[in-house]
Amino acid sequence: MDERSDDEDRDALAGLSSVPPPRKSHSLSQQLRATSAQKRHHQLRKHSLDDVHVPKNVVNVDAYYDSSDDDFFPYSSNTTSASSNITMGAEEYVSSSQRLDQSLCMEGGADHHDPGSTRECQPLPEFIGSGGGTGIFRVPTRAAVHPGRPPCLELRPHPLRETQVGRFLRTIACTETQLWAGQEGGVRVWNLKDVFEPGCGLGGRVLRGDEDAAPYYESANTSPAMFLMVDVGNRLIWTGHKDGKIRSWKMDQPLDASTPFKEGLSWQAHRAPVLAMVMTSYGDMWSGSEGGVIKIWPWESIEKSLSLKPEERHMAALLVERSCIDLRSQVTVNGVCSISSQDVKCLLADNFRARVWCAGSLSFSLWDARTRELVKVFNVDGQIENRVDMSSVQQDQAAVEDEMKVKFVSTSKKEKSQGFLQRSRNAIMGAADAVRRVATRGAGAFVEDAKKTEALVLTADGMIWSGCTNGLLVQWDGNGNRVQDFNHRPSAVQCFCTFGAQIYVGYVSGHLQVLDLEGNLIAGWVAHSSPVIKLAVGTGCIYSLATHGGIRGWNIKSPGPSDDILRSELAAKESTYTRRDNVRILIGTWNVGQGRASHDSLMSWLGSAVPDVGIVVVGLQEVEMGAGFLAMSAAKETVGLEGSSVGHWWLDNIGKALEEGKTFERMGSRQLAGLLISLWVRKNLRTHVGDIDAGAVPCGFGRAIGNKGGVGLRIRVYDRIMCFVNCHLAAHLEAVNRRNADFDHIYRNMVFNRSSLLNTAAAGVSTAVNTVRTTNAVGSNSEEAARPELAEADVVVFLGDFNYRLFGISYDEARDFVSQRCFDWLREKDQLRGEMKAGKVFQGMREALIRFPPTYKFERHQAGLAGYDSGEKKRIPAWCDRIIYRDNRSDPVSECSLECPVVSSILQYEACMDVTDSDHKPVRCKLTVQIAHVDRSVRRNEFGEIIRSNGKIRSMLEELNYVPETSVNTNNIILQNQDTSILRITNKCVKDMAIFKIICEGQSTVKEDGEETDYRPRGANGFPRWLEVTPAAGMIKPEQCAEVSVHHEEFHTLEEFVDGIPQNWWCEDTRDKEVILVVHVQGSCSAQTHSHRIRVRHCFSAKSVSRIDSKSNSSRKGQGSPVHRQPAANTSSETSLKNP
């Protein structure tokens, strides 16, 4: 029996020719009267590929069926799945084919075979389109270790967005031993010594999204933390919150995972959220909020409040709140304010010159940190502004109103003379365009939006850099003069940080760039799959936070030789952290023709096929049509509104067929006019599926109306990206090129972001950034535009009414071929197959061999194949409704691995012929998907083991400890009123730059009774207000020195503080004071610092001066000389620090 079947199959393959079988003389109506019994015993036709089976001895998967199907593969190339190893004998295949014929008989319906049958387990042959190996259709590169970026420490792997509701991370800050993060419910902290440990959740209680994160601790619940600031001098972390409060947290406090740690001092700082904070070089805290409000919290009152007992919390908060200085009120005269009312974006302390920068979106204000006076106000172009002019907003509103009037005036006689279709088109386009313009202008999308400031940073050479929404990097000098600008990436800048002589820039595209101080690009890579919203400097590491909540650590020597060693070592251990899982996905598409389906139809189409699937994707076309609806849909799209009542009806009824709530959970949906796509996930798979985003691309009139186009959903499954796009392409037999162009337009322009129809209520932090990303991706000729988002997905599935027809065949010929089930001949006439072969559309994508009748066009409510259009037009039957996909395979044979992480095969591809609610038949496809993914916790542990054990890497990291040798000319400085002394710092290294920063370790009052001096630090190691140190930071070239002016300056305000107690200025504290200045020195790229300590004393009386040793007093001169330079020959007090 097997031999005879094999011979018959060979004869069938050999007997294929380009000549179609002779048409039968009897009519189609005669065929319809044939009994089902006759059809059941119909003999196998050797001219049909429907009956060709795969021989058992097929080994070379590159082999094709024959010349006519040279792009079909007998198996999907999932060589690792169990299903791909199942083969059938000839007898088994014959029975399968007979079942197929029975299911497609003219009185029959859909194929309702047992889900566990042999046929369903057998992968179907696939047709592969040409042109998939190049350009935007190239399969994305995947590897065990990302080849395009340095190996990184995944402190917190990318959590699914849906798991982070109420717990989104918003900002990070780093100390020498800890990494702190502000989140929606408070703060959390990681001890850096534990970063390589396996994930254990919070105190052994694993929270969703943090299963693989390094061990961490959380605070008690608070309002969302918007900003974090490190105060090293007082060992505190300061946080600004959405409720307007400022809170303090102790560093290095004993932490217990079972007990949330609590805040220290807190007070109500603003009525609105605290958007920015900074500690100035004099220790004062500045905070900014909405409406351009800037407040100063003097350190003296904060210090006093910190000293109070916990039970005196209310008194402590009241003391700080009463000390507030509102800068906005101080610069308002006669109701006119000198500074902008824009929300405060950034606050920056310029420690070089003791100034504070405040940045709004489009303007800057520059302040003196010591006197708290306004120095300058200027815009993003560097032009000085005297006051805020609000008339431009009113002018723009008037312009919008005028435009609306123009758009909606009555049509002219010339327009009325046009045809109805043209007038309808003009009305739709005019309404959509008007609403679009109003929506964009109402959202503040002016031309200046591209120049909006997003971030500020102070570099080691004393320059200030700002980053803009158009990717522009602007360099400013300390006086607010614009020096130069750079644009290394056409994507919005989100954040900055500096380390030594390097500048790190985080972009909304997820990129991280490293620049030198001249603005030259050193390196760049994709750090995250979503926007980088915060960067923090740790010990030898730069930490980056993305909007999705993932945190990664990057070595400051990256990219470098150690990266190659780490990459190869990690790749060698691939087997230890690789995991594999299988998922079945049911995909359905149906053009419903503005109708509604019965529950039985939905059960026949979807409900009967879901018992063994984990994900269900449904795409509908022509849910709702009509010129009025299309115009309203276009208008709603422009303001971010989606969906319709009819669309919700479909979602609800499909949900009932899938037992939504009991078995499946709806993840989300997206509607564009008549197009609707939705996705359900089985509940037991829900923990591994998330990050759902939606997108839409209209292809109708002017590429603006959604009667044609595509809607898509993107999800993450086992850390792999899958995209599903529901399309309705251009109609009519001759519009092949237009259909090809529609696909290309959708593929290139589909951009995914948060949708209003997604069921998960994620935080707004992602929404705002995604909006910026969309603008950048579409509006610029960037790399992102050249590489569409769909091109970066691991799986892309296109489904829908593609509208490709059968060509070169008449209506009667097509009906006869369908009645005989000669689908191989019909496939030769399929426009889509021909275009895919030519590489003109769906390049490199796959479709199962079609073994079901054409799905278009039918008379409604007529069962069987007799329902084909028999009206006046007699539209030729066609396979309009299709499902096509691609996965990670670049070769026909690819094993599922981290290099090819998603390998799929098709188990089912069929039409439900018994459903008669529309002129199209619904189509369904069942994919089995094998996914290889990484156990992030195990890989992080392996990462740490490599760093600890690899000698080469350890020696390279030890290079970070190098600090250039430096010296200072004195350890003691004595100042009287208005005295100035010069501190000289010399770089003795012959080749390396030295970077220095001067801080005040503490201040004390000199006691005459010889008691031990108690030095108390100010905020962030700031200077006392009577001491000016200029510059307090800088760079020293090899074998050169820097001169620092240490100057005493009398300073009084109306209310001064002594030991935290307000004093009138005439009650001056005349006690001698002493501070310890510490000069921290590091190399241009070193993780370690060396320090010089200098004692500075301010003496009010000559009597106290005379008690000091003359050597220590050698730098003092009379009050009449403002500057005294230490003689170079005097080296008695010079100290030197050498690199060990």
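**Strands, a helix and two buried aspartates**

In strand β25, glutamine 484 is the bridge partner of glutamine 475. This pair is a good place to enter the structure, which is a predicted model. Four bridges link β25 to strand β24 (residues 473-476), and the two strands run antiparallel. Both belong to an open sheet of four strands, arranged in the order β22-β23-β24-β25 with antiparallel pairing. The edges of this sheet are β22 (453-458) and β25 (482-486); each has a single partner strand, so one side of each has no neighbour in the sheet. On average, neighbouring strands here are turned by 20° against each other, direction ignored. As a reminder for newcomers, strands of a sheet pair through backbone hydrogen bonds, either parallel or antiparallel.

A second open sheet offers a useful comparison. It is made of five strands in the order β46-β55-β54-β48-β50, and its pairing is mixed. Here β46 and β50 (1033-1036) take the edge positions, each with a single partner strand, so one side of each is left without a neighbour in the sheet. The average turn between neighbouring strands of this sheet is 25°, direction ignored. At the β46 edge, four bridges connect β46 to strand β55 (residues 1090-1098), and these two run parallel. Within this pair, leucine 975 lies opposite histidine 1098 in β55.

Just beyond β46 comes a residue worth a closer look. Aspartate 979 sits in the loop between β46 (972-975) and β47 (980-987). Is aspartate 979 buried or exposed? Its relative accessible area is 3%, and because the cut-off for buried is under 20%, aspartate 979 counts as buried. In sequence, aspartate 979 and valine 1046 are 67 residues apart, yet their C-alpha atoms are 8.3 Å apart in space.

Another aspartate in a loop tells a related story. Aspartate 210 is located between β6 (186-191) and β7 (217-218), and it is buried, with a relative accessible area of 0%. Which side chains does the side chain of aspartate 210 meet in polar contacts? One contact, of 2.6 Å, is with the side chain of arginine 167. Another, of 3.3 Å, is with the side chain of arginine 188.

Strand β18 (residues 346-350) shows burial along a whole element: five of its five residues are buried, so the strand is largely enclosed by the rest of the structure. In a regular strand the side chains alternate between the two faces of the sheet. In β18, Cys346, Leu348 and Asp350 point one way, while Leu347 and Ala349 point the other way, and all are buried. Five bridges join β18 to strand β19 (residues 355-359) in an antiparallel arrangement. Leucine 348 has tryptophan 357 of β19 as its bridge partner. The two strands form a hairpin with four residues between them, and alanine 354 in the turn has a positive phi of about 55°.

Finally, helix α17 (residues 736-749) brings a change of scene. At 1.5 Å a residue, its 14 residues should span 20 Å, and its end C-alpha atoms are 20 Å apart, which agrees. The buried residues of α17 are Val736, Arg739, Asn740, Asp742, Phe743, Ile746 and Tyr747. These residues cover an arc of only 155° around the axis, which means that they lie on the same side of α17. They pack against four strands and a helix, namely β37 (689-698), β38 (709-717), β39 (720-728), β40 (795-801) and α22 (831-837).

How values were computed. Residues numbered from 1 in each chain as written. Predicted model: local features only at pLDDT ≥ 70, side-chain atom pairs only at ≥ 80, totals over all residues. Heavy atoms only, no water. Buried < 20%, exposed > 50% of the residue type's maximum accessible area, 1.4 Å probe, protein only. Pairing = 2+ DSSP bridges. Axes fitted to C-alpha atoms, helices over the stretch in contact; angles between N-to-C directions. Expected span 1.5 Å × (residues − 1). Arc of directions from axis to C-beta. Contact = heavy atoms within 4.5 Å. Polar contact = N/O pair within 3.5 Å; in protein donor to acceptor, adjacent residues only side chain to side chain.
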